[in-house]
Amino acid sequence: MSAHEWIAVLDFGSQYSQLIARRIREQNVYCELLPYHTPAAELARRQPAGLILSGGPASVFAPGAPLPDPGWLELGLPTLGICYGMQLMAQQTGGRVSPGQEREYGGARIRVTQPGALLAQLPPEIDVWMSHGDQVAELPPGFQTLAETATCPHAAMADENRRLYALQFHPEVVHTPQGAKILRHFLFDICRCRGDWKMAAFVEESVAALRARIGAEHVLCGLSGGVDSAVAAALLQRAIGDQLHCVFVDTGLLRGDEAREVEATFGGAFGADLHVVQAADRFFEALRGVEDPELKRKRIGALFIDVFSAAAREFDAARYLAQGTLYPDVIESVSPLGGPSVTIKSHHNVGGLPADLQFELIEPLRELFKDEVRALGRELGLPEALVSRQPFPGPGLAVRILGEVTPERVALLQQADRRLQEELRRLPNYADIWQAFTVLLPIRTVGVMGDCRTYENVCAVRAVSSVDGMTADWFRMPHDTLDRLANRIINEVQGINRVVYDISSKPPSTIEWE
């Protein structure tokens with residue numbers, strides 16, 4: 001049973017399911033995403049404060065449509081159905097669902113006809129985000145309509161006596177501006193949550209749990225230089241002190257000064273038992289003459305395992321291996337609709353270790369989303385420059401250098417990237433950037449510097465905004481920032497004479513170039 005009040009979200013496969021959980025946690029209420037077929041007995045045992053039925057791509061009429069354990073209704077939990085969840089609730093409580101006269105995808109405006117507890121204190125008309133073909137045609141007994149649109153007569157409904165509520169629109173997306181307020185009504189006015197999910201409490205509870213599990217054993221942690229492994233290491237350091245041994249492999253493919261920052265933070269300020277493996281020469285040798293991006297990744301991954309494994313063998317007393325697995329990784333490893341599972345992301349984790357290295361896995365961040373990991377890092381006293389570090393590919397700068405990777409080209413890209421980060425941090429909306437980086441292209445162009453013609457490298461700048469990295473839009477960088485950035489890179493980084501800005505979105509492009 002959870003130590004905190006919590007909300008259970010039954011996941012019917014919506015692309016927004018993780019977003020529901022994140023929005024709830026933003027209200028300091030713990031939340032877990034569960035498979036739609038989770039037994040009602042399991043919910044009863046764990047006693048959530050409320051239940052949410054997510055949206056999903058299926059139709060309630062479709063053969064094999066995902067259905068929850070029918071016992072959910074007997075639990076008497078306050079329940080909120082969203083989109084498919086609303087149609088499911090209506091169908092299972094005696095209402096009628098039918099294909100809508102018009103499909104609604106995108107923005108819509110609803111008119112609140114009867115606010116009830118869910119839509120209380122909202123304007124009479126609000127903008128929402130719709131994504132549905134079917135809709136509720138006849139309300140179930142005991143329900144009343146809360147809101148409508150021109151084409152959807154029951155855009156929201158409720159049975160206040162049984163604390164059953166439903167929305168045809170998605171309150172969890174930013175395109176529903178009043179969505180956070182609606183979710184707060186459900187959490188605090190209907191489920192009577194207190195909002196006791198606080199990061200300070202998480203630290204205290206996690207430290208106690210880690211100490212109880214690990215005891216006097218030793219833990220090996222692979223530091224990558226990224227946020228996740230750094231926060232995992234800091235949490236373990238607080239819990240078990242010198243029983244933690246951190247291994248940092250300097251591949252030579254990291255961002256400028258990154259290796260020095262890791263050493264200063266963990267070997268210095270935190271006093272951790274940090275072991276730095278200088279392996280840049282080995283990685284550059286493995287990449288000599290390689291231009292194919294997939295071959296780059298394979299060689300880097302295989303060599304990293306070899307280098308880390310050799311270092312790990314020096315810690316034969318260690319029983320556990322710590323990794324920075326996050327809650328989205330856990331969620332994505334299980335398909336909510338029972339299909340093939342998505343492989344857990346491993347670009348910052350150590351996977352594929354030899355059989356003779358038999359560690360038990362410890363994942364101290366597996367309950368947290370990325371923004372919560374950053375908050376935890378701040379709570380643990382990690383420097384802001386590390387906590388706010390943007391996502392970074394496992395192969396490092398090797399996949400941001402198109403063509404052969406050499407020490408000289410890495411140094412060139414590090415210099416350009418440092419100037420990009422310096423300029424972007426001056427922006428008041430820097431936090432809106434999900435990821436920003438420079439790419440060294442495999443072409444040279446003619447330029448003029450002073451009285452001399454040059455024939456040097458082209459640098460591309462990429463900056464995107466995103467919620468979770470699954471989709472992304474190019475960041476509208478101010479023209480004066482672009483102007484200053486181009487001038488700095490061309491004038492201060494010898495070897496680059498042209499800068500271009502990437503304005504493609506994902507999809508159809510990806511965030512990284514390789």
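**Exercise 1.** In this predicted model, determine which residue of S13 stands opposite His218, and how many bridges join strand S10 to strand S13.

*Solution.* Step 1: Locate His218; its opposite residue in S13 is Ala318. Step 2: Follow the pair of strands further, where Val219 has Tyr320 of S13 as its bridge partner. Step 3: Count the bridges between S10 (residues 218-223) and S13 (residues 318-322); there are four, and the two strands run parallel.

**Exercise 2.** Identify the residue of S11 that stands opposite Cys221, and state the handedness of the crossover from S10 to S11.

*Solution.* Step 1: Opposite Cys221 lies Cys246 of S11. Step 2: S10 and S11 run parallel and are joined by five bridges. Step 3: Trace the chain from S10 through H6 to S11; this β-α-β crossover is right-handed. Step 4: Examine the connecting helix: H6 (residues 227-240) lies across S10, S11 (244-250) and S13, and its direction makes about 155° with that of S10.

**Exercise 3.** Give the order of the strands in the open sheet, and explain why one side of S12 and of S14 is left without a neighbour in the sheet.

*Solution.* Step 1: The five strands are arranged as S12-S11-S10-S13-S14, with parallel pairing. Step 2: S12 (273-278) and S14 (360-362) are at the edges and have a single partner strand each, so one side of each lacks a neighbour in the sheet. Step 3: From one strand to the next, the twist averages 30°. Step 4: Helix H5 (residues 199-214) packs on this sheet and touches S10, S13 and S14, at about 170° to the direction of S14.

**Exercise 4.** Decide whether S10 is mostly covered or mostly uncovered.

*Solution.* Of the six residues in S10, five are buried, and the strand is mostly covered.

Notes. Residues are numbered from 1 along each chain as its sequence is written. This is a predicted model: local features need pLDDT of at least 70, side-chain atom pairs count only at pLDDT 80 or more; totals for chains, interfaces and linings use all residues. Side-chain values use heavy atoms; hydrogens and water are left out. Two strands pair if DSSP finds at least two bridges between them. Axes are lines fitted to C-alpha atoms, for helices over the stretch in contact, and angles run from 0 to 180 degrees between N-to-C directions. Contact means heavy atoms within 4.5 Å. Buried means under 20% relative accessible area, exposed over 50%, partly exposed in between (1.4 Å probe, protein chains only). A crossover is right-handed if, with the strands pointing away from the viewer, the path from the first strand over the helix to the second runs clockwise.
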